[in-house]
Amino acid sequence: MIALVLKRIGLLIATVFTATTLLFALIHASGDPTDGFLAPGASSDLREATRHRLHLDQPLPEQYARFLWNGMTGQFGDSWRDRQPATDAIFARLPATLELMFCAVVMAVVLGVALGVTTAWLRNTWVKGGLRVVTLLGQAVPSFWLGTLLILLFAVKLDWLPSSGNQGWQAMILPGITLALYPASVIARLLESGLRDASTRAFVTVARAKGLSRPVILLRHVLPNAMMPVLGYVGLQVSFLVGGSVIVESVFAYPGLGRFVLQAATERDLPVIQAFVVTVAVLVVLGNLVIDLLALVFDPRMRDQQEGAAVFG
Amino acid sequence: MADFAQLSRLLPVRPATTEDRTTGDPPDSAISGSMSGWRNAVLLLPLGMFFAIILAGVLLPLPDAGTQSLPDRLLAPVFSGGSWAHPLGTDGLGRDLLARITQGALMSLQVSVVAASIAAVAGIFCGVVAGMFGGWVDNLLTLLAEVTLTVPSVVVGVVLTATLGQSRQNLIAILVLGGWISYARVLRLETRQLRGSDFVLAAAVTGGSRWHIGVRHLLPNLAPTVLVLFAQQLGGMMLWEASLTYLGLGARPDLVTLGGIVRDGQAQIFGGWWIGVTSGFMVALAIVGFAFAGDWIRNRLDRGTGTSLA
Amino acid sequence: MHSISRRTFASVLAAAGASNLGLPRQLFSQGANDNRLDTFTIDLTGGPDYLDPALARSLRDWSIVHSLYDSIVHLSDSGKIVPLAAQSVTVIDDLTLEVTLRDGLQFHDGTPVHADAVKRGIEWVQQSDGPATGNFSVISGVELVDDLTCRIVTGEPAAWLLSQLAVWLVLLPEGITNESLVSKPVGSGPYRFVSQQPGAELVLERNPDYTWDSPKGLPLAERVTYRFVPEAVTRIADLATNQADLIQTVPIDQREAVESAGGQVIETPVLGVTFLRIATDVAPFDDPRVCQAVNYAIDVETIAQTLVSPAAHRLASLFPDSRGIGFDPELQPFAYDPDKAKALLAEAGVAEGTEISIQIVGGERDDMFEAITGQLEDAGFSVTPVATDLATFNSQWQDTSAPPLRFVSWRPMFDPHTLLSLMFFSTGPLARFDNPDVDALILAAAADTDPDSRAATYRKLGKVMQEQPGAVYLWNLTSTFGANSAAEAWSPRADDYVIATSGTGEQE
């Protein structure tokens, strides 16, 4: 267990190091970063003064060393653009993003599992096929289009939910659904496929021989097996959701990290980008740890052993 | 967004041995290997429709996709009070929508195929190498994958576009960045499993080098998995392209892609709802079509090879 | 001349046509203008990038900055710079402006506004690295005369300075820091700062001491909330569900939707211009005939009317309308004459299919841009559009390998000097244009303190720049707002700032 955590932390450090180095290189390769926030026509004096203030006039290796040191000690400095601390900017928006991500993950899992189990359960070919198509549609609609349609239907036409912003829990529903639909579809397909495979394995035949009913077999024996890949997928959602939330945040005017970082990237605001990458990396590691813990709960091997023991003495 | 990046871990690991599988009950599913070819072919319908619409767009005597006509802007499609002169209506500049969708679909296909191919080659190479050699190569691959997964592709995409400008190549590059991991991870897993299988041991005994083993023996066995993944990615990349275009990371402004039309349609939802609906429908059709095509491939191969790895 | 068109209509039985999605009509609440509203919500197209008045540079920034702060002068509806917090502004001589503040003004923290606030405001801009720092460098010092009077002294004659002061000089209290400006701004404007949720909204409350007869108008609500909503469709949805009372930027094709939802569309031309900047240092644009040809080749009026706004019209020059100095009502814009364009190109020896490129900012797939490109192609060019992000765009103003045509919007145009000196003066930092006549006229106008002769110089400049165009003159910028009944008392400003005040008094 300790070894796992240590290994994960090691990977985290290596990942952050590599990722931020790449971004550092890209940003400096794309020209003078001050163009991102100085007004056009700024005098060369002004430009020089700004470059000096931001240490951009120092040789690149020195800048890189400072950059690494900042990253390791967590002192990301001030945003190049508005001179407010980068960490403040990130943490101001982090709670909203975390709330939305959590909401989306819960929705995705609930919807995905429900769809997946239902599809696996059904016997009727055509209904099954139809459900498969519906499930797949979750992956077939661009999120900005889906979001707009949801707003027009549920906010404007039906007046059930707010059209934008993050006031109150109701405001999370539409953006949550928009974010959740794609992963829900993947989870459903994963689960259905996994259930199908697991149902052909030895212990299922044994369970049937024992006379257990179909629902019991499905839920207590087969489902835990099939949940493994689903869990793995959910663990990966952190970075995916942050990236996907950029669009959802734009459409729903939801104040999260995604849109903010997009702006920072456009403006070549390196301190903010660095702070962001570190934050996401830490979240990813935490997310994976949680998943690993959950996986222990669902570990089919423990279940199998119990069953096998019951049958074979 | 970069979801097929995570597809890797989602593909269920096939049973490594045949003992675990019963030969008794057929799997409890509808559209799967034990079905007749006719039923299986139904899976290809959506993709067929997609290509049929493109064909119609090519063959029908429509105005050129680039011909603007401001007096004719935002005309409704024929099924909503319009005329057959513009079967799907016109967009905000008076360009025929069916012609534009056709052109956009072909462009999106081209981009997706190129991107998926490059992603496949890169991913397969990395995955096989990592699976075959293990050790530090494997760790390096894991690191690369984690880096790609941790940094949201938007950030990379924006910075990349800022450095290199907006172009088709950049769009493809961003798509490849998101797509290679699926292949790498799956191939790595399967390569490691195959490493211990009989025929590989046999090849090693008869003196084949590791490269030789890899190319001659492993790859053909991994082909089915790759094919299915490829089919799925084709659809997924079309979706992703739409999102990238929305964010301004797409191809050059004058290169019309299907995603670009959906983007226009979203902005025109009040004055021209058909723009988004028809192009969105085409995107959905492509994605469903390619996914089902992947299923079809897998079913065909399942049937062919029985219970072995496929 | 002052044209603000305001669409009013009956809110009854707005049966949705087949072309819109049947947005529900909202019933008008009793529009009581005499009483102040409790709350007023404005949807902006995005959040402010800067709350620091010295760094503010977009309409969103200025809308909030000028709600919090007052300057000594501001732009009146008729386009003149008139005193605001100042009682009077007098030109003592070519190099000196005397400013006398109104008596009894207060900052939000209760401290009185004295002349040293002017000095602080100027010095704050000068020591920042904002867009106006270069301009403000012409100010050599501020002499305090008495509690309410000071003199602004410049190093050289600068007739254009007053318009810059209107935008960037705000009255600042003591103890300003970078941090306080963002977390707890204190000014003397109609609204006080309450709170901010970064990226989401910003809340202001009425300044109870703002009771004097301000040309900026009086606050029309107790509490104003600015929300930041980038998507136009979402803004309209907000208006339709009354989550917003006033929304910024309604695209032309979505105006009907606003109306059928029970809102009003308020459209106004703005003192700002759009043009295609032509780089005359590369072929084929080093020949003025070619520059003229591209002006003839594009049907700007139709594009503006159908794709931008009914209030957008083809410009004859860089001077948008009579509210700004230099506008020449006699000067006719280029006509749409594709034959003449082709003839000029042939005359100048430009072959059919000559490749040119045109650069825009960002990924906005604007119809208007594609329409322009299409018409250039019809004229015989082979056009490659290039879209870059803002930072790259701004780094390439003088890059000779960058596309010779670039799409530029410029606002505010309270005074044309800034634009001209930056972009059309041969040694300007953004210029790829070199015309000695133009240079001479720009310099003459900059130093001329007599408004009439200055205007005459600019009119002459307009003519010269049609004979040897440095740009394809497109259309005047416009602002289109959506409003519900709560916004009845509000009307747009000439400077286009979105400030929740009513009764912008007409001065002069």
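**A tour of two interfaces: within chain C, and between chains B and A**

Begin with chain C, which is divided into domain 1 (38-263 + 484-508) and domain 2 (270-478). The model on screen is predicted. Colour the two domains of chain C separately; their C-alpha centres lie 30 Å apart. Then select the residues in contact: 22 come from domain 1 of chain C and 21 from domain 2 of chain C.

**Stop 1: the domain boundary in chain C**

Domain 1 and domain 2 of chain C bury about 1600 Å² between them, and carbon and sulfur atoms give 62% of that area. Next, show Ala159(C), Trp160(C) and Ile252(C) as sticks. These are the residues of domain 1 of chain C that lose the most area to domain 2 of chain C, together 32% of what that side buries.

Now select Arg411(C) and Asp496(C). Their side chains meet in a salt bridge, with an N to O distance of 3.3 Å. One salt bridge is found across this interface between the domains of chain C. The polar contacts between domain 1 and domain 2 of chain C number five residue pairs, counting pairs with both residues at pLDDT 80 or more.

Turn next to the helices α1 (59-68) and α4 (161-168) of chain C. Each supplies at least two residues of the side of domain 1 that touches domain 2. With three residues, α4(C) gives the most to that side. By class, the side of domain 1 of chain C that touches domain 2 has twelve nonpolar, five polar and five charged residues.

**Stop 2: chain B against chain A**

Leave chain C and display chains A and B. Here 58 residues of chain B are in contact with 71 residues of chain A. The two chains bury about 5600 Å² between them, 71% of it on carbon and sulfur atoms.

Select Arg189(A) and Asp295(B), whose side chains meet in a salt bridge at 4.0 Å, N to O. The count between chain B and chain A is one salt bridge. One residue pair in polar contact, both at pLDDT 80 or more, is likewise found across the interface of chain B and chain A.

Finally, highlight the elements of chain B that give two or more residues to the side touching chain A: α1 (4-10), α5 (135-150), α6 (153-164), α9 (210-246), α10 (258-267) and α11 (273-305). Which of them gives the most to that side? It is α11(B), with eleven residues. Colouring by residue class divides the side of chain B that touches chain A into 34 nonpolar, twelve polar and twelve charged residues.

Definitions and conventions
Residues numbered from 1 in each chain as written. Chains lettered and ligands numbered in written order. Predicted model: local features only at pLDDT ≥ 70, side-chain atom pairs only at ≥ 80, totals over all residues. Heavy atoms only, no water. Domains from an automatic or database assignment. Contact = heavy atoms within 4.5 Å. Buried area = accessible area lost by both parts, 1.4 Å probe. Polar contact = N/O pair within 3.5 Å; in protein donor to acceptor, adjacent residues only side chain to side chain. Helix = DSSP H or I, 4+ residues; strand = E, 2+ residues; numbered from the N terminus. Nonpolar A, V, L, I, M, F, W, Y, C, P; charged D, E, K, R; others polar.
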